[in-house]
Amino acid sequence: MKITTKIISNHGIKPEEYKKILSLMGKEPNLLELGIFSAMWNEHCSYKSSKKYLGKLPTKNKKVIQGPGENAGIVDIGDNDALVFKIESHNHPSYIEPYQGAATGVGGILRDIFTMGARPIATLNSIHFGSYDHPKTKNLLNGVVSGIGGYGNCMGIPTVGGEVKFNSTYNENILVNAMAVGLVKKNKIFYSKAKGINKPVIYVGSKTGRDGIHGASMASAEFDKNIDKKKPTVQVGDPFTEKLLLEACLELMKDDSIISIQDMGAAGLTSSSVEMASKGKLGIEIDLNKIPCREEKMTPYEMMLSESQERMLLILNSGKEENAKKIFKKWGLDFSIIGKTTDTKNLLLIYDNKEVANIPLSYLSDDAPVYDRKWKKNKNQKKIKKTKEIDSTQLLQSFKKILSSPNNSNKSWVWEQYDHTVMGDTIQKPGGDSAVVRIHGQNKAIAVTVDSSADYCSANPFLGAKQVVSETWRNLISVGAAPIAITNCLNFGNPEKNKIMGQFVETIEGITDACKYLDFPVVSGNVSFYNETQNNSISPTPTIGGVGLINKLECMMTMDLKESESLLFVIGKTQGHLHQSEFYKEVLNIKNGPPPEVNLFNEKNNGAIVSKLINKKLVNSVHDISSGGILLALSEMCILGKIGAKIKVPQNNLNLYEYLFGEDQSRYIIEINQKNKNEVSKILEENSIYFELLGNTQTNILELSGKFKLSLSELSKLNSSWFKSYFKEE
Amino acid sequence: MKSSVIVFPGSNCDRDIAVALKKFQIKNQMVWHDESSLPDSDLVVLPGGFSYGDYLRTGCIASKSRIIDDVIKHAKKGGLILGICNGFQILIETGLLPGALLRNEKLRFLSKNVFLKVLNFNNHFCSTYKKKDLIELPIAHNEGNYFARKNILQSLEDENLIAFKYCDRDGKIEKNSNPNGSSNNIAGILNSKKNILGMMPHPERFIDPILSGSDGSNIFESLLS
C-alpha cells in the first residue's frame, strides 16, 4: 500500500515527523511499520511535549525504591514491605464511552501494579465532570461511576477514596484519573527490563481483538465534531479475566520463572514488546501467527495496534515454559510462546513465515521526537476590590448554599457503588481526609488520598500546583500518617498552544517547589494532553495521589468529632483569602482573582506539630481546612461525629465571611479534651505555631454565637441531599 | 472444627473468609472448584465474589462446577454450609436454598454498613447472637434483592427460617431500612434442617473492632460453640 499524506495524518503523524521516519528508515515504511511508529511516537506513549520538564521533578529520597520510568513507582514502608503505586488518566475514552472507558482505566492501572509483583490493596479515583446541568453530565457521571465500580468490585480490590467534581471547564472533556496501590515484598519486585538472548517471549491473558485500535493516538488528539465515530478506539474491559490474570501472575511470580514482565496497555503489543526489549538493550522477534486472536483474519497491523485488555507479555527463563503454561491453563487463560529475545536491537515481526516489519528499536524510543515547545507565562490575576459589602444577615443562607452545592455535598451516592470493605483491611473508608488501609496481618497501615484544585490552577498554575501537593500532604497528616511520596496525573489541553504549554511548565514548577520542600518525591504518574474540544481547553488539572505510613494503628486519627464539651482549635493563621473560594464561586459568582498562596515553611511546621499532637494522643479529631474554609470543615466534623459545636469568631480584623469561608492554606481544626488544653497550648507555643480557640463541642447543634443555630439533622440533610435529588431517587 | 472454602474463578472474598476462620481457630482448607471431592469437613463455605464474572446469572455457572456434587452430598448428610454474598447466590442456583436474588431495586451496586435483626438463634451459625440481636455488618452487592413466591416467603416466616432481616439502627424492620428491595427485608435464610445459611452481608469483614465493627465474629463463635 502506498503511504499517502492522508494515511500519515490519519495516524496523527506530523509531516516533519514523517520526514524523520523516512530519514531514519532510509526507505518508505510499510503500513504496519507506520502504525508502529504512530503508536510509539504519539504524545501518550512518547511524552514528547512533556519530557523536557518531567525531568525536573524530584523523584528520589531514601524511601524511594523505584521512581518514574517503570510500570509504577515503589517506596519502602519497612519490614521488607514496599508499596507500589501510580495514577493514570483515561479521559478521552471515558468521554466517548463512559462505562468502558472508566472500567478499563481501572483495569489498566491495576495491571501496572501487579505487573511489578504486587497484590493491589486499594484503588482511588479523581473524576471531573462538566457543569451538573450540562445535558451530558448525568449520563457520563452514571456511566463512569458504574464503570469504576464494575471493574474494581469484580476484581475484589477495595475502592477506598477519591474525589468527584463538577465544573463547566469539563463540559466537553471529562477527566477520569484512576490510582492503584499494591503491596509487595522488597525482594520480590518484578521489572520490565528484558535480560538475556534467546529467551522465550510469552503472551498471556485474553485474546487479541479489534478493540481499542489506535486508542493511544486517539488520546493524543483533540476532540472534534465527529467524536461519536471514535467509539471503536475505546477498549472493552473484562474484569473477570483480569482477576484470573492477577491470580495467575502472582502464582507464577512465587518462583524465579519470570525474567521480566510488562502489561499490554496503551499501544498494546507494540509498546510492551518495544519497551521491554529497549530497556534491556536487546532485540525482539515475534511470530504473529502465534498471537491468540479473538476474531478471524486479523491482520498484523490490527494485532500490533489492538488495545484489547487483560493481556501481559512475559520473558521467561528458558525451561520454565511448561510450568508457567500449567498455571495459566489452570486459570483458563491463553498462553502462547510468540517469540524470543535477540541481540539485533531490532523489532522483527514475522507473519506467514515472511518478515512483515523490521525496525531498529532505538528509532521507536530513543529517536522519538522530543519537543521544546514554546510557552507563555500565565498572567497573574489581581485581587479585585470588593464591590459591595456583603450583608451579614445572609451568612446562614450562604453557608447552606455552599454546604449543599454539588461540589461540597457528601459523595456517598458515588462511593457506595464501590466495594470499599473487601479484603477486610479498610479502616477509614471514603469521606475522610485520607483513606486508611491496614497492611494485612500487621499493626501498621497506609494512608492514601487524591486531590486536585482546578480553579486554583486555572487562576495560577504555579500556585495551584503547589497548593494541591500541600493539600495532599495535609490530608495524610490529618489521619496520623507520615507522608511518603506522590504520583501525579497531569491533565491539560493542547500543548502545541503557548498558553497551555505555559500552564504545564508552571505546574511542574509548582509541584517541584512543594515536593522538594516537603521531601515528598514524585515516583510515578502520567501526562494527559489534548483535553480540548474545538478550541476549548480544560483548566489545567494536576491530580496528585499521595501515600503515607501509619506506623502504629493506635496513632491513627479521624476527623469525626468525638465528644461534647471538648475544645476546638484552629491551627494556622486565617487571613481571609476569598478569591477562588467556594464562597466567591457559589455565593457571589466571582470567578476572578488569585488562589491562596502556600507558605511551605508553615505547611511543614504546622503539619509536623499536628503529627506530634496525634502521636502523643493529645487530640480527639483532626481535619484539614480546605475548600469552603473553617465553617465547611467544621460541619463535616460535626456530621461525621454526630456531635455539634458552638463557635465564636476570635477578635481580628476580618469580616465574618473572610474568617469563616476564607481558604488560607496550612490550617487544621483539632478537637482536644479540656484536660489536654494546657499541654497542647504549650507545645504549640513552644513551636511558634499560630493557633486560636474557635469554640467547643456540644450535643446536636452547630451554633455560631449570636448568628445562627442549625440542628445536626438539618446540617446532615443539607449536605447529603444533592446526589439523590439529582438522580431523582427521593 | 474443620472447614473447606471453595474457590471459584472470580471468587474474591476467599482470602477474607480464610483469615476469619483462622482467627477463630477453625482448621481450614482451600478447595479448587475443579476438584472432584471435598476433604473431610464439618463446614463448607462458598465465599463472596464474582464467580465466573457473574456471567449468565450470578452464581449460575459456579453451581455447575465439579465440586458442587460433593457439596450437595455434604448438605444432604447434614453437614454445615455457609454461603456469603456470591456464595448465597450459588446456594440458590444449586437449589439448596429457595428463591432468587434479583438486582438491587435501585439497579446499583451497593456497598455500605447495614443494621440487621437476628431472628433465629436456634442454629449452628447464630446461637451467640442471643446476647445481641441488633447488629451491624457491611453489604457489597449488585444482586441481593431476595425474591420468592408468596407461599415460600410464608413458609420461611412460619418455620422461622429467616436468619437476618434488614432493619434501622433501632431495630425497626421497615421499608426505609431495606437497602436493596428484598422481600420481607430478608438478608439471610436457613434451609429447613438449619444446616445451611445463605446471607448477603459479609460477617468475615467485621471481625475486628478497628474496622469499625466486630459483629461478624459471632457467626464464627457460634460455629464453635
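Reader: Helices (H or I, at least four residues) and strands (E, at least two) are DSSP runs, numbered from the N terminus. Which strands does helix 8 of chain A lie across?

Author: Helix 8 of chain A lies across strand 4, strand 5 and strand 6 of chain A. Please note that this is a predicted model, in which local features need pLDDT of at least 70 and side-chain atom pairs count only at pLDDT 80 or more, while totals for chains, interfaces and linings use all residues. Residues are numbered from 1 along each chain as its sequence is written, and chains are lettered from A and ligands numbered from 1 in the order in which they are written.

Reader: At what angle does helix 8 of chain A run to strand 4 of chain A?

Author: The angle to strand 4 of chain A is about 175°, taken between N-to-C directions on a scale from 0 to 180 degrees, with axes fitted to C-alpha atoms, for helices over the stretch in contact.

Reader: How is the sheet in chain A ordered?

Author: The sheet is open and has 6 strands in the order 1-2-3-6-4-5, with mixed pairing; strands pair if DSSP finds at least two bridges between them.

Reader: Why is one side of strand 1 and of strand 5 of chain A left without a neighbour?

Author: Strand 1 (64-66) and strand 5 (159-166) of chain A stand at the edges and each has a single partner strand, so one side of each has no neighbour in the sheet. From one strand to the next, the twist averages 20°.

Reader: In what sense do strand 4 and strand 5 of chain A pair?

Author: Strand 4 (residues 119-129) and strand 5 of chain A are parallel and share 7 bridges. A:F129 is placed opposite A:F166 of strand 5.

Reader: And which strands does helix 7 of chain A touch?

Author: Helix 7 of chain A packs on the sheet and touches strand 3 (81-89), strand 4 and strand 6 (175-185) of chain A. Its direction makes about 25° with that of strand 6 of chain A.

Reader: How do helix 7 and helix 8 of chain A cross?

Author: The axes of helix 7 (residues 98-114) and helix 8 (residues 137-155) of chain A come within 7 Å, crossing at roughly 35°.

Reader: Changing topic: how many residues of chain B are in contact with chain A?

Author: In chain B, 22 residues are in contact with 24 residues of chain A; contact requires C-beta atoms, placed from the backbone, within 7 Å. Helix 1 (14-23), strand 6 (110-118) and strand 7 (134-141) of chain B each give two or more residues to that side of chain B. The largest share, 3 residues, comes from strand 6 of chain B.

Notes: Contact = placed C-beta atoms within 7 Å.
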